[in-house]
Amino acid sequence: TTTVLEDLSALIAEDDFIPELTVFPVPANDFVEFRAPNAASDFYSIDVYDISGSMVQTAATQTLQGFRLSISELPSGIYILKVYTPEGFTVRRILKS
């Protein structure tokens, strides 16, 4: 099934529970890597949305530090990553070239 957010502003809300989170490289081709040296959670869920608000990918990991998310199957464009922790979520944007 395809999940589409009705309100794109809800997707890009500025809740930032992991302020030190960086995602690189930007632009990216095959993968993006996460760095979060002070992230304290032991479970993360990552949803990837295209610019229209459709969820196009999801992943889960026990650590963000060094986690690589493959985006090789996605077409070029701008994507929004929503990273969930038990405490809340953080949003980052990426460019797939």
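Let me start with the hairpin that β1 and β2 form, in which six residues lie between the two strands; please keep in mind throughout that this is a predicted model. Strand β1, residues 22-24, pairs with β2 in the antiparallel sense, and three bridges hold that pairing in the assignment. Within it, Phe24 stands opposite Glu33 of β2.

If we stay with Glu33, we can move on to the other pairing of interest here, where Arg68 in β5 is its bridge partner. Strand β5, residues 68-70, runs antiparallel to β2, and again three bridges join the two.

Next to Glu33 in the sequence sits Phe34, and this brings us to the core. The largest nonpolar core has 20 residues, and those that touch the most other members are Leu21, Val32, Phe34, Leu64, Leu69, Leu81 and Val83. Two or more residues come from each of β2 (31-35), β3 (44-50) and β6 (77-84). Which residues does Phe34 touch, once those up to four places away in sequence are set aside? The contacts include Leu21, Thr22 and Val23, then Ile46, then Leu64, Gln65, Gly66, Phe67 and Leu69, and finally Leu81 and Val83.

Stepping back to the whole chain, one helix and seven strands are assigned, and the helix precedes the strands when the elements are read from the N terminus, as α-β-β-β-β-β-β-β. Of the 97 residues, 39% count as buried, while the accessible surface comes to about 5,400 Å², with 54% of it belonging to carbon and sulfur atoms. Finally, among contacts between residues at least 6 apart in sequence, 56% join residues at least 24 apart.

Note on methods: Residues are numbered from 1 along each chain as its sequence is written. This is a predicted model: local features need pLDDT of at least 70, side-chain atom pairs count only at pLDDT 80 or more; totals for chains, interfaces and linings use all residues. Side-chain values use heavy atoms; hydrogens and water are left out. A nonpolar core is a set of buried Ala, Val, Leu, Ile, Met, Phe, Trp, Tyr and Cys residues joined through side-chain atoms within 4.5 Å. Buried means under 20% relative accessible area, exposed over 50%, partly exposed in between (1.4 Å probe, protein chains only). Helices (H or I, at least four residues) and strands (E, at least two) are DSSP runs, numbered from the N terminus. Contact means heavy atoms within 4.5 Å. Accessible areas come from the Shrake-Rupley method with a 1.4 Å probe; for residues, only the protein chains shown count as cover. Two strands pair if DSSP finds at least two bridges between them.
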